[in-house]
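Reader: I am new to this structure and should be grateful for a close look at a single part of it. Please describe how its charged side chains pair with one another, and then turn to one neighbouring topic of your choice.

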Amino acid sequence: MVLQHTVDTGLLDQYPTRTGEPLQHMERVDPTVWGQIGTEALTGFGTDGYAVLDDLLSPAEVAEFSAEIARLATDTSLAEDDRVVRERSSNRVRSVFEVHKLSAAVADLVRQSRISGPAREVLGSEVYLHQTRINYMPGFRGNGFYWHSDFETWHAEDGMPAPRAVSLSIALTDNYPVNGSLMVMPGSHRTYVPCQGSTPAENYRESLQEQEFGVPTPSDIAILAERHGITQFTGRAGSGLLFDSNIMHGSSNNITPYPRSNIFLVFNSVENTLAEPFAAPARRPGYIAARDYTPV
């Protein structure tokens, strides 16, 4: 049975989280694929919750965007900009948000059908950009991201009603098994994992560096890993990984000499627009959770 309750948004909350008492895992009540799959690379998306898109960018484009993200990381005009997130320990740039508004090249890229088309195909509607960012993971001291479901955070802190969103990670460096490449649990997107704890005010200021609220317990992770196993996204620069918003994923630290960076785009259905947060005291800023529902 799915636990449901009415919250301040006025909507029926089918995915409760950030509670005082632990809640059991829930089977997802919404589809994974909302449209008709016609692209061969996406045929397993409904079952696995992700798809690898090879050669999404050409080698020349990889070089172009690599230079662009290097420019953004060293842009002195962004030094005090809240959209730039730095590592706690090293002060190195960890992420740059709203990158499609900071880079004309990225703005042009996100409008291309090869980039947004797979999201429309899976979600069965027009899509808009819920979030865009660049992630940097330098060699030797690059910090990873602990296991989590993006949808749990977007639901709790942004008011996203349903997991009708997908993320596209476009690799700008080669992804090896050893340099902190993304790990996913195939099929885990069908299980929603509620988390415990009350969301602090302006939690995003800490969580973008290291997430402490909205993370599953070790027991949660062990159960899902036993059931689904763990797969790692490896491949050449220019390849892409499209994955469901509720799939359990994470990455380890990078202690190799090989850096890892990517362009990260979140597409949400225009039929899944944001309400008020379901489990947070206030909305997050627009550069993290856009409320401009203009289709791309």
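Author: Glu152 is a suitable place to begin: with a relative accessible area of 1%, this residue is buried (under 20% relative accessible area, whereas exposed means over 50% and partly exposed lies in between, with a 1.4 Å probe and protein chains only). The model is predicted, so local features need pLDDT of at least 70 and side-chain atom pairs count only at pLDDT 80 or more, while totals for chains, interfaces and linings use all residues. Residues are numbered from 1 along each chain as its sequence is written, and side-chain values use heavy atoms, with hydrogens and water left out.

The partner of Glu152 is Arg18, and the closest N and O atoms of this salt bridge are 2.7 Å apart (a side-chain nitrogen of Lys or Arg within 4 Å of a carboxyl oxygen of Asp or Glu). Arg18 belongs to the loop between strand 2 (12-13) and strand 3 (26-27), and Glu152 to helix 6 (residues 150-158), so the pair ties together parts that are 134 residues apart in sequence. Helices (H or I, at least four residues) and strands (E, at least two) are DSSP runs, numbered from the N terminus. Arg18 also counts as buried, at 8% relative accessibility.

Helix 6 takes part in a further link. Asp158 and Arg284 meet through their side chains in a salt bridge of 2.8 Å, N to O. This pair joins distant parts of the chain, with Asp158 in helix 6 and Arg284 in the segment after strand 15 (260-269), 126 residues apart. Asp158 and Arg284 are both buried.

A salt bridge also connects Arg164 with Glu271, their closest N and O atoms being 2.9 Å apart. Here Arg164 lies in the loop between helix 6 and strand 9 (165-171) and Glu271 in the segment after strand 15, a separation of 107 residues. Arg164 is buried, at 8% relative accessibility, whereas Glu271 is exposed, with a relative accessible area of 57%. Elsewhere, salt bridges that share partners combine Asp81, Arg83, Glu98 and Lys101 into one network. In total, the structure holds 13 salt bridges.

The neighbouring topic is helix 2. Its buried residues are Glu61, Val62, Phe65, Glu68, Ile69 and Leu72. Viewed down the axis, these fall within an arc of 130 degrees, so they line one face of the helix (the arc being that of the directions from the helix axis to the C-beta atoms). The face turned away from the buried side of helix 2 carries the exposed residues Pro59, Ala60 and Ala67.
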